[in-house]
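Reader: I am new to reading protein models. Please take me through one part of this one, slowly and in order.

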Amino acid sequence: MKTPTHHHGNKFSSFFCNLFGHHYVVSKKVTEHIKEYKCLHCGKEVTTDASGQLSVLTPEMQDINSTLADMYRKRRGRQVQHVA
Ligand SMILES: [Zn+2]
């Protein structure tokens, strides 16, 4: 048995997530490959990092993501003329 050292969200939700895994939904699309996710049950937030893995959404990661999103939007803006 492992004892939780800390918990986020309410206890029942964390318990549920421990049993069944987090139920992440996309909370923000950063780029084609990078998205931010939030767990419906416990509210835990994660994001896709540079290596394509999910990692905890820290303020630093949010900062990086908003910069990426900005660059992504500008680049798409230039390419979008081809479509339509
Ligand atoms: Zn969860």
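Reader: Please look closely at the sheet, beginning with E1. Of the six residues of E1, how many are buried, and does the strand lie largely in the open or not?

Author: The number is zero. None of the six residues of E1 is buried, so the strand lies largely in the open. Keep in mind that this is a predicted model.

Let us place E1 in the chain. The secondary structure comes to two helices and four strands. Along the sequence, the pattern reads α-β-β-β-β-α. Buried residues make up 8% of the 84 residues in the chain.

Now the sheet itself. Four strands form it, in the order E1-E2-E3-E4. The sheet is open, and its pairing is antiparallel. Strand E1, residues 24-29, and strand E4, residues 54-56, stand at the edges. Each has a single partner strand, so one side of each is left without a neighbour in the sheet. On average, neighbouring strands of this sheet are turned by 35 degrees against each other, with direction ignored.

Go through the pairs in turn. Start with E1 and E2. Five bridges join them, and the two strands run antiparallel. Look at Lys29 as an example: its bridge partner in E2 is Lys35. A hairpin links E1 to E2 through five residues.

Pause in that loop. Val30 lies there, between E1 and E2. Is Val30 buried or exposed? Val30 has 23 C-beta neighbours inside 10 Å, so it counts as buried. The cut-off for buried is 20 or more. Compare E1, where the number of buried residues is zero.

What does Val30 touch? Leave out residues up to four places away in sequence. Then the contacts of Val30 are Lys35, Glu36, Asn65, Leu68, Ala69 and Tyr72. Take Asn65 from that list. Val30 and Asn65 are 35 residues apart along the chain, yet their C-alpha atoms are separated by 6.2 Å. For the chain as a whole, count the contacts between residues at least 6 apart in sequence. Of these, 31% join residues at least 24 apart.

Here is a second residue to set beside Val30. Asp70 is found in helix H2, which spans residues 59-79. With 11 C-beta neighbours inside 10 Å, Asp70 counts as exposed. The cut-off for exposed is 12 or fewer. The C-alpha atoms of Asp70 and Thr31 are separated by 9.2 Å, although the two residues are 39 apart along the chain.

Back to the sheet. Strand E2 covers residues 35-39, and three bridges join E2 to E3. These two strands run antiparallel. Tyr37 has Val46 as its bridge partner in E3. Glu36 stands opposite Thr47, also in E3. The hairpin of E2 and E3 has five residues between the strands. In that hairpin, Gly43 takes a positive phi near 80 degrees.

One pair is left. Strand E3, residues 45-48, is joined to E4 by three bridges, and the two run antiparallel. Thr47 stands opposite Ser55 in E4. So far Thr47 has come up twice: it stands opposite Glu36 and opposite Ser55. E3 and E4 form a hairpin with five residues between them. Gly52 in the turn has a positive phi of about 85 degrees.

Now return to your strand. E1 stands at an edge with a single partner strand. That partner is E2, joined to E1 by five bridges. None of the residues of E1 is buried, whereas Val30, in the loop between E1 and E2, counts as buried.

Note on methods: Residues are numbered from 1 along each chain as its sequence is written. This is a predicted model: local features need pLDDT of at least 70, side-chain atom pairs count only at pLDDT 80 or more; totals for chains, interfaces and linings use all residues. Two strands pair if DSSP finds at least two bridges between them. Axes are lines fitted to C-alpha atoms, for helices over the stretch in contact, and angles run from 0 to 180 degrees between N-to-C directions. Two residues are in contact if their C-beta atoms, placed from the backbone, lie within 7 Å.
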